[in-house]
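Please open the model in your viewer and keep the selection tool at hand. The tour proceeds from a single residue outward to its surroundings, and then to a pair of helices.

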Amino acid sequence: RVLDEWAQRNLLAAGVRDLHEQHRVMMVEQRRAHQPGWGVAELFSADTIDLALGAKAKAGLLRDMTDLANRGGKVYDEEGLFKELVAREEAASTAIGEGVALLHPRFHDPYMFEESFIAYGRSDRPIFFGAADGEATRHFFLVCSTDHEMHLHILARLAILAHGTDLVERLDAAQTADDALSAVAACETSYRT
């Protein structure tokens, strides 16, 4: 658990070049690059996307994202998830800059979720979430993974898409959950090529 938390912190604090290298190594080691369905777009669903989160501060946002994840019906312990998100943010912010945060539980116990998935929420107003660039955050991805290695892969992949593609701009323009799904899929496809 301690090593997993250390890896998460280092991954979120990495620069774009380091993220690309870490992601490349993960892809080769896991041989995911040539397997169908290895991307993150498949982990999103319309029922866990909310484009109008009303929270005004970090605590309310964490509760909103927990509720959003629970709507998908794959969370076994909603209160446990919320407590893990709070503990993770107390340890270090999951905001990665450029208006994006990659929320996730501090530890990944297989009994917390039925299967891996990602919830996405866009805040109505920017929330100061502790990003290193000092900017407020509007885009919140909640990574719910049942597998430690896949969890790190998902974090790296989302960080690369947020910093290396026009994902943030596309999500800003999204009017519906389907628009958000299309934005993630399009950015992932453009990154692969």
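Begin by selecting leucine 158 in this predicted model. Beyond its neighbours within four places in sequence, leucine 158 is in contact with Val40, Phe44, Leu102, Ile118, Phe141 and Val143. Display the side chains of these residues together with that of leucine 158.

Next, extend the selection to the largest nonpolar core, which has 28 residues. Those with the most contacts inside this core are Phe44, Leu102, Ile118, Phe141, Ile154, Leu158 and Leu167. Colour the elements that each supply at least two of its residues: strands S1 (49–53), S3 (100–103), S4 (117–127) and S5 (137–144), and helices H5 (148–164), H6 (167–173) and H7 (177–192). Which element provides the largest share of this core? It is H5, with seven residues.

Now select Leu53, Leu61, Met65 and Ile127, which are included in a second, separate core of 24 residues.

Finally, turn to helix H3 (residues 58–71) and helix H4 (residues 78–91). Their axes lie 10 Å apart, and the two helices pack at an angle of about 140°. H3 and H4 are therefore oblique to each other, and the crossing of H3 past H4 is right-handed. To view the contact, select Lys58, Ala59, Leu62, Arg63, Thr66, Asp67, Ala69 and Asn70 on H3. On H4, add Glu78, Glu79, Leu81, Phe82, Leu85, Val86 and Glu89. Colouring this contact by class shows seven nonpolar, two polar and six charged residues.

Conventions
Residues are numbered from 1 along each chain as its sequence is written. This is a predicted model: local features need pLDDT of at least 70, side-chain atom pairs count only at pLDDT 80 or more; totals for chains, interfaces and linings use all residues. Side-chain values use heavy atoms; hydrogens and water are left out. A nonpolar core is a set of buried Ala, Val, Leu, Ile, Met, Phe, Trp, Tyr and Cys residues joined through side-chain atoms within 4.5 Å. Buried means under 20% relative accessible area, exposed over 50%, partly exposed in between (1.4 Å probe, protein chains only). Helices (H or I, at least four residues) and strands (E, at least two) are DSSP runs, numbered from the N terminus. Contact means heavy atoms within 4.5 Å. Axes are lines fitted to C-alpha atoms, for helices over the stretch in contact, and angles run from 0 to 180 degrees between N-to-C directions. Angles under 35 degrees count as roughly parallel, over 145 as roughly antiparallel, 65 to 115 as roughly perpendicular and the rest as oblique. A crossing is left-handed if the near helix is turned anticlockwise from the far one by less than a right angle, and right-handed if clockwise. Ala, Val, Leu, Ile, Met, Phe, Trp, Tyr, Cys and Pro count as nonpolar, Asp, Glu, Lys and Arg as charged, and the others, Gly among them, as polar.
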